[in-house]
Amino acid sequence: MATTIKGPAIFLAQFAGDQAPFNSWDAITRWAGDLGYRGVQVPSNDTRLFDLALAAESKTYCDELAGIAAANGVAITELSTHLQGQLVAVHPAYDEAFDGFAPPELRGKPQARQQWAVQQMLLAAKASANLGLDASISFSGSLAWPYVYPWPQRPAGLIESAFDELARRWLPILDAYEEAGVDLAFELHPGEDLFDGATFEMLLERVHQHPRLNIAYDPSHFLLQQLDYLGFIDRYHERIKVMHVKDAEFRPDARQGVYSGYQGWAERAGRFRSLGDGQVDFNAIFSKFAQYDFKGWAVLEWECCLKHPEQGAAEGVGFIRDHIIRVTDKAFDDFAGSGADPQRNLRMLGIA
């Protein structure tokens with residue numbers, strides 16, 4: 001029996017803020033529920049909404065959070081550790097840029113920051129288990145990204161060494177997620193060492209096909225790379241555990257293409273857009289997720305350089321709801337069936 005995708009859900013990271021209704025767990029879940037969402041993906045670093053350390057140690061706290069959410073009409077879909085995962089592996093060129101992801105007392109201290117990030121990932125595994133979740137979403141971090149374009153020629157073994165180190169850092173974390181019974185799904189994202197299928201496979205090989213190393217699927221990043229985002233589902237569906245529903249458009253011209261000439265988001269050839277305003281074929285995507293019996297949530301991630309986030313959220317709930325396929329429990333040609341008869345089958349084949 002196939003499973004109907006759960007949703008609509010919404011990632012709260014782009015909406016959390018210091019003003020109501022976005023500044024508390026009760027208020028933001030009520031806002032999401034009132035819009036018609038049925039799930040919320042939680043940024044585990046945002047202390048206005050969520051206490052990660054407490055969630056890791058207290059099942060009671062987790063039950064209280066889930067209860068408040070349920071009273072407001074939503075369930076918790078996954079915990080996000082994007083910012084903490086990023087800090088597990090940071091190339092020195094990006095030390096200052098990513099320092100803001102860490103607590104103030106750790107800024108300027110790369111080694112202490114990295115140790116903190118690992119601890120955060122371990123807490124998220126325990127917190128996910130306490131919440132009864134079976135998947136979490138994160139970033140892989142990046143050691144090799146400064147060398148993504150091979151000019152000057154990369155020294156032999158440079159990328160291999162980066163991925164060896166990435167595997168060394170992530171393998172103990174993956175083992176902790178195995179112990180917790182939670183899948184760790186990396187969002188494949190330019191800027192991360194894992195940004196497409198090839199790079200995902202490079203890490204997967206080095207962690208010995210670890211069952212907890214999985215994928216958070218977001219077609220917007222694939223469209224902007226000009227990657228076959230539908231074929232990707234065919235190839236990797238067994239490893240896809242989390243789904244972000246985010247739109248994008250790519251309109252190259254004589255002046256710029258994939259790299260977009262350092263332009264701001266509104267002037268780039270490739271831009272993230274609100275749902276329905278871009279070029280992603282969501283009819284085909286939702287069909288493939290239904291075909292492959294995806295058991296997770298369809299989660300809106302709002303990122304748009306033009307539209308206000310609250311308009312994007314209000315429009316997105318209906319967009320996702322209309323695209324979710326209620327999978328059938330019967331074959332369309334059952335009306336023409338004539339029952340099962342093994343002997344007749346043999347006669348029809350000329351065997352009996």
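Helices (H or I, at least four residues) and strands (E, at least two) are DSSP runs, numbered from the N terminus. The structure on display is a predicted model, in which local features need pLDDT of at least 70 and side-chain atom pairs count only at pLDDT 80 or more, while totals for chains, interfaces and linings use all residues. Residues are numbered from 1 along each chain as its sequence is written, and side-chain values use heavy atoms, with hydrogens and water left out.

**Stop 1: strand 1 and a cis bond**

Select Gly7 and Pro8 to begin. The peptide bond that joins them is cis, with omega about 0°. Pro8 has its place in strand 1.

**Stop 2: helix 1**

Move next to helix 1, residues 25–35. The term "buried" stands for under 20% relative accessible area, against over 50% for exposed and partly exposed in between (1.4 Å probe, protein chains only). Buried residues of this helix are Trp25, Ala27, Ile28, Thr29, Trp31, Ala32 and Gly33. Display their surroundings: they pack against strand 1 (6–11), strand 2 (39–43), helix 3 (59–71), strand 3 and helix 12 (309–323). After helix 1 comes Gly36, with a positive phi near 110°.

**Stop 3: the nonpolar cores**

A nonpolar core is a set of buried Ala, Val, Leu, Ile, Met, Phe, Trp, Tyr and Cys residues joined through side-chain atoms within 4.5 Å. Which residues have the most contacts inside the largest nonpolar core? They are Ile10 and Phe50, in a core of 93 residues. Helix 7 (residues 158–180) gives the most to this core, namely 9 residues. Apart from it lies another core of 5 residues, including Ala135, Ile137, Ala185 and Ala216.

Centre the view on Phe50. Contact here means heavy atoms within 4.5 Å. Beyond its neighbours within four places in sequence, Phe50 is in contact with Val42, Pro43, Ser44, Ala55, Tyr61, Leu65, Leu79, Ala127 and Leu131.

**Stop 4: strands 5 and 6**

Select strand 6, residues 213–217, where 5 of the 5 residues are buried. Leu213, Ile215 and Tyr217 lie on one side and Asn214 and Ala216 on the other, so that both faces are covered. Add strand 5 (residues 183–187), which pairs with strand 6 in the parallel sense over 4 bridges; two strands pair if DSSP finds at least two bridges between them. Opposite Ala216 in strand 6 stands Glu187.

**Stop 5: unusual backbone in the loops**

Three loops come next. In the loop between strand 4 (135–138) and helix 7 is Pro152, joined to Trp151 by a cis peptide bond with omega about -5°. Gln226 is not a glycine, yet its phi is positive at about 65°; this residue is in the loop between helix 9 and helix 10 (229–236). Ser260, also not a glycine, has a positive phi of about 60° and lies in the loop between strand 8 (247–250) and strand 9. Is Ser260 buried or exposed? Ser260 is buried, with a relative accessible area of 1%.

**Stop 6: pockets and the cavity**

Rolling a probe the size of a water molecule over the atoms shows where empty space is left. On a 1 Å grid over the protein atoms alone, a cavity is a set of points where a 1.4 Å probe fits but cannot get out, and a pocket is an open set with protein on both sides within 12 Å along at least five of seven lines; lining residues have an atom within 4 Å of a point. Grid points are joined across faces, edges and corners, and a volume is the space filled by probe spheres set on the points.

The largest pocket has a volume of about 1100 Å³. Of its 30 lining residues, Trp145, Pro190, Gly191, Tyr259 and Arg268 are the closest to the centre. Helix 9 supplies the largest share of this lining, 3 residues.

Turn then to the second largest pocket, of about 430 Å³. Among its 22 lining residues, Asp134, Lys241, Phe294, Lys295 and Gly296 lie nearest the centre. Strand 3 gives the largest share of this lining, 4 residues.

Finish at the largest cavity, which holds about 30 Å³ of space. Its lining consists of Val245, Lys246, Asp247, Arg273, Ser274, Leu275, Leu300, Glu301, Trp302 and Glu303.
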